[in-house]
Amino acid sequence: MEPSPVNGRRTRRRYRRPLVGVATAVLAAGALTATGMAGSAEAADVNVARNAGFESGLANWSCTGGTATTVSSPVHGGTSALQATPTGQGTARCTQTVSVKPDSTYTLSSWVQGGYAYLGASGTGTTDVSTWSPGSGSWTRLTTSFKTGPNTTSVDVYTHGWYGQAAYLVDDVSVSGPDGGGGTDPDPEIPAPPAGLGVGTTTSSSVALSWNAVPGASNYTVYRNGTKATTATGTSATVTGLTSDTEYQFSVTATNAAGESAKSASVSARTAKEGGGEPGPGPSVPKHAVTGYWQNFNNGATVQKLSDVPANYDIIAVSFADATNTPGAVTFNLDTAGLNGYTVDQFKADIKAKQAAGKNVIISVGGEKGTVSVNSDASAANFADSLHSLIQEYGFNGVDIDLENGLNSTYMTKALRSLSQKVGSGLVITMAPQTIDMQSTAGEYFKTALNIKDILTVVNMQYYNSGAMLGCDGKVYSQGSVDFLTALACIQLEGGLAPSQVGLGVPASPSAAGGGYVAPSVVNAALDCLASGTNCGSFKPSKTYPAIRGAMTWSTAWDAKSGNAWSNAVGPHVHGLP
């Protein structure tokens, strides 16, 4: 049976406290009014059995005379039940000592299925009781009651099968009566979403996944592209029946008797090519993505390791590659000293960890002081060859073009196409031109973007450190407003780039740029305006672009300096776009 859908979660009614003592309370109140003597209501009955639904395995239970375990199916309620198998000399008896009040009545019950099943209580101080079922193919309720003696404070509750008979199942044991001081099971809480979801071995038709255990979870559900794919009781699963050389998004939830958690952060995986061959180099970029530049230097912002970059960032651009004496060629030198001893091995391990979490880590070329020049066939080849070497050495998912001192569209196009042929279809290519570079399709940056449109991931233009610029309506707009963002983005959207190839690049804080900072709320308003036509300023585009890719910031370090205020506000908004 499918679980009852209540807010998408499986719910379970268990051990609700009955309204015992209500009449007593009313009478007591009346007695107080009539006689002036204080009366009080009796405490409500509770279930004094612990781990009564076996959601915590065999905790609180002691089993002898056979084998006993918990199973996830069949269950009467929640996600677990006891399954015990007698031997020829034993009845597979499971016992729990419960705390009770003297001179009190308790109702004992459980649900059973399978072979012979007994339920009883001993050490009551009066008459011990038991009841049994000869076996059933469906859940059957056993119930009896007992009264404790004047000095009885604990009772042994037990269940067992019969010698050499089939296994029996028990679930939802209840010993309902006054609290004897031992309390009752706390109401279970919905578990937290699993963390650490990562991709293991991939074949042409399967992807292996693993994740961290979640306290209180009894099983897990794996989702493929938002649809339930499989379940697991442990922290790993393999999703099968997939198409070769295809990107998939995976997430996982944790479940217990209280319900199902929210989905984990998603990861991407690409199946192998049919007949062998490696899949693409890394996770695919989400439909709506946040890009952040990670600083390989200390300039007064927070010094970070890659592992410190928050999960709201989908693309992390490592800033920057370094020029060499060979025209067009680049290399990368980790600033270990400036980054408080961060080692190359740690850096490489952090790249893998980010990729396992579904993130893309790319190498950025350029920056304000970048001096890389690609202006010939030879330098284009050097550029592609050196980047390919860095991708192989560090595991980067792609490249960001952030050349602020000029760009030759002819040779940069050749270089990026050559790199794409070397790496394959999974290569991530981003660009971060200045506003002046994207005013016209005749500009070298704009021409490059259009030349590689079939392999381009996103252009995150820098809407900062800029003078006033023309919008697509021919009007002049100044930086620092929602209109500046939307009217200039419109030029790219109407100039030939797909909406998924357009992002809004802004500073993470006022300290991150010389000018053009806008509050995260302005970024979100601009995204809403472009995606759905809402929250616009004076400029409103003639149509909407629901597939707008997202936003970029300089930098994750400046964001951290401000308590990650930018990514905490913009990240969820981007990921919630239609």
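How many helices and strands are there in the protein? The protein has nine helices and 31 strands, where helices (H or I, at least four residues) and strands (E, at least two) are DSSP runs numbered from the N terminus. The model is predicted, so that local features need pLDDT of at least 70 and side-chain atom pairs count only at pLDDT 80 or more, whereas totals for chains, interfaces and linings use all residues. Residues are numbered from 1 along each chain as its sequence is written, and side-chain values use heavy atoms, with hydrogens and water left out.

**View 1. Crossing of helix 6 and helix 7.** The axes of helix 6 (residues 482–494) and helix 7 (residues 520–532) come within 9 Å and cross at roughly 40°; axes are lines fitted to C-alpha atoms, for helices over the stretch in contact, and angles run from 0 to 180 degrees between N-to-C directions. Helix 6 is therefore oblique to helix 7, a class left over once angles under 35 degrees (roughly parallel), over 145 (roughly antiparallel) and 65 to 115 (roughly perpendicular) are set aside. From helix 6, V482, L485, T486, A489 and L493 meet V522, V523, A525, A526, C529 and L530 of helix 7, contact meaning heavy atoms within 4.5 Å. Ten nonpolar residues, one polar residue and no charged residues form this contact; Ala, Val, Leu, Ile, Met, Phe, Trp, Tyr, Cys and Pro count as nonpolar, Asp, Glu, Lys and Arg as charged, and the others, Gly among them, as polar.

**View 2. The largest nonpolar core.** This core has 98 residues, of which W294, F347, F383, F396 and I401 touch the most other members. Helix 6 gives the most to the core, with nine residues. Another core, of 27 residues, lies apart from it and includes A49, F54, V129 and F146. A nonpolar core is a set of buried Ala, Val, Leu, Ile, Met, Phe, Trp, Tyr and Cys residues joined through side-chain atoms within 4.5 Å. Buried means under 20% relative accessible area, exposed over 50%, and partly exposed in between (1.4 Å probe, protein chains only).

**View 3. Surroundings of T131 in strand 8.** T131 belongs to strand 8 (residues 129–133) and counts as buried because its relative accessibility is 18%. Neighbours within four places in sequence aside, T131 is in contact with A117, Y118, L119, L142, T143 and T144.

**View 4. Surroundings of T221 in strand 14.** Strand 14 (residues 219–224) holds T221, which is buried at a relative accessible area of 8%. Beyond neighbours within four places in sequence, the contacts of T221 include K228, T230, S251, V252 and E260.
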